[in-house]
Amino acid sequence: MDIDERIAQFDSPVDRTGIFSMKWDVADGELPMWVADMDFRTAPAISEALTERVGNGTFGYTDVPREWNEAVADWWLRRYGVTVDPEHVVFTTGVIPAISSLVRSLTNVAEKVVLQPPVYNIFTNSIVNNGRRVLCNPLRYEHGAYSMDFDDLEHKLADPLTRLMILCNPQNPSGNVWSDGDLARVGELCAKHHVTVVSDEVHGDIVRPGVTHMPFAAVNELNRSICVTCSSPSKAFNVAGLQSAYFICDDDGLRARAVRGVNTDEVAEPNDFAVFSTIAAYTDGGAWLDDLCRVVQRNKDYVSAQLDEHAHDMLHMVASDSTYLAWIDCSGLLDRVGDANAERFCGFLRSHTGLVLSYGGIYGENGSRFVRMNLGTRADLVIDGTARLLAGAAAYLGN
Ligand SMILES: Cc1ncc(COP(=O)(O)O)c(C=O)c1O
């Protein structure tokens, strides 16, 4: 198959109704572009591995074989040029189950965990639901781009009750990719204040073609010694429902505590499909993923250009090198109607056009003038969603 035929496969309709899809649990005529899963069929290598596994017909307990650890380590070497010791890779049933467990095993009740909003909202649950406290180091947003506020970060890390920082690398929702310099500075400051870093890198595989993901731990030895990296094939290969993830940790003491934690919390045992899907993804899924990244970039470029052309003074998509999420600054529109945040606009979009987006305020106070649009879908739905967004914005002005 040539590239055009392969891309056409991503654009062919997939019926996600009747499978209890969380995303597609919407009314007739609504277009869901919110929760972060994609509408594409997963890589053929994964479907084949699972079909073969189903063919066996027995579904007892599954071990995590050495082959699984090696598949993860090989992936990190091939995709990011990073050497990972297979023994340092630990299976977990999800990134969030792992992070919640790490919060419990690496901090005490009432201690503080640093987050950098706007950021994936469930991090807050992992902290607060475990009786720990969130300390925010808000990202700076200037001239349409995000950066870290290192002075404020140092101030937050210096709090004697701060024990952990959860870094989102790349950042959901903005799609921001952090530079080596940013990551080195975070590592330096965290080491200085004895704060452990949990680096969530689940979006690292979905990057602009030509960009290579930079893992936090790969920047230097200091970073490597103070961090636990969490990832999964779930976002890149659209297999979130298989509940398969892992963490990597090179420091022996830190790893021992983390391993103890995920075992005590019972989030370290795979379901029957988790192991097989990950081995297949990481062994044979690379070419499919390269195509996916092309499709995602095409979708992002389309939406960005449409907003620039038809709503440049109202809606602006933040430029980004990662994720299939469009992070759209609605400030221009909100200023024109006198709204403080985009919550009412989000509701209006749904009720007037059927377009279902995520309200940016759920990712932190400084996300409240944004909406998040999931572009992990076929071309005709991206076009449809963009048209609904533009029509909705125009109608909102007269509302
Ligand atoms: C940054 C980030 N981490 C974790 C998750 C969820 O991971 P899991 O389903 O493996 O718990 C998501 C899902 O959107 C995410 O964006």
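**Where in the chain does P118 lie?**

*Solution.* P118 lies in the loop between β3 (112–115) and α5 (122–128). Here helices (H or I, at least four residues) and strands (E, at least two) are DSSP runs, numbered from the N terminus. The peptide bond that leads from P117 to P118 is cis, with omega near 5°.

The structure is a predicted model, in which local features need pLDDT of at least 70 and side-chain atom pairs count only at pLDDT 80 or more, while totals for chains, interfaces and linings use all residues. Residues are numbered from 1 along each chain as its sequence is written, and side-chain values use heavy atoms, with hydrogens and water left out.

**Exercise 1. Locate the cis peptide bond that joins N169 and P170, and describe the surroundings of H203, which touches P170**.

*Solution.* Step 1: the bond between N169 and P170 has an omega of about 0°. Step 2: P170 is placed in the loop between β7 (162–168) and α7 (180–192). Step 3: H203 belongs to the loop between β8 (196–200) and α8 (221–225). Step 4: apart from residues up to four places away in sequence, H203 touches P170, N172, K235, S322, T323 and L325, where contact means heavy atoms within 4.5 Å. Step 5: H203 counts as buried because its relative accessibility is 3%; buried means under 20% relative accessible area, exposed over 50%, and partly exposed in between (1.4 Å probe, protein chains only).

**Exercise 2. For A110 and N238, give the value of phi and decide whether each residue is buried or partly exposed**.

*Solution.* Step 1: A110 is not a glycine, yet its phi is positive, at about 80°. Step 2: A110 is found in the loop between α4 (95–106) and β3. Step 3: with a relative accessible area of 31%, A110 is partly exposed. Step 4: N238, likewise a residue other than glycine, has a positive phi near 55°. Step 5: N238 sits in the loop between β9 (227–231) and β10, and its relative accessible area of 16% makes N238 buried.

**Exercise 3. State how the chain is divided into domains and how these domains meet**.

*Solution.* Step 1: the division gives domain 1 (3–44 + 286–397) and domain 2 (59–284); the bounds come from an automatic or database domain assignment. Step 2: taken over C-alpha atoms, the centres of domain 1 and domain 2 are separated by 26 Å. Step 3: 33 residues of domain 1 are in contact with 34 residues of domain 2.

**Exercise 4. Describe the largest nonpolar core and the elements that supply it**.

*Solution.* Step 1: a nonpolar core is a set of buried Ala, Val, Leu, Ile, Met, Phe, Trp, Tyr and Cys residues joined through side-chain atoms within 4.5 Å. Step 2: the largest one has 41 residues, and F237 and L292 have the most contacts inside it. Step 3: at least two residues each are supplied by α1 (3–10), α2 (44–56), α3 (66–80), β2 (89–92), β10 (245–248), α10 (274–284) and α11 (286–311). Step 4: the most, seven residues, come from α3. Step 5: domain 1 and domain 2 each give at least three residues to this core. Step 6: leaving aside neighbours within four places in sequence, L292 is in contact with F10, M38, F40, I206 and A236. Step 7: a second, separate core of 30 residues includes L307, F345, V371 and L389.

**Exercise 5. Analyse the packing of α10 and its contact with α2**.

*Solution.* Step 1: α10 is mostly covered, since eight of its eleven residues are buried; among them are V275, I279 and Y282. Step 2: these buried residues pack against α2, α3, β2, β10 and α11. Step 3: two packed helices are described by the angle between their axes and the distance between the axes. Step 4: the axes of α2 and α10 come within 8 Å and cross at roughly 145° (axes are lines fitted to C-alpha atoms, for helices over the stretch in contact, and angles run from 0 to 180 degrees between N-to-C directions). Step 5: A45, I46, A49, L50 and R53 of α2 meet F276, S277, A280, A281 and D284 of α10.

**Exercise 6. Place L375 in the chain and name the residues it touches**.

*Solution.* Step 1: L375 occupies the loop between β15 (370–374) and α14 (379–397). Step 2: with a relative accessible area of 0%, L375 is buried. Step 3: not counting residues up to four places away in sequence, L375 touches M33, N299, K300, V303, Y324, A326 and V382.
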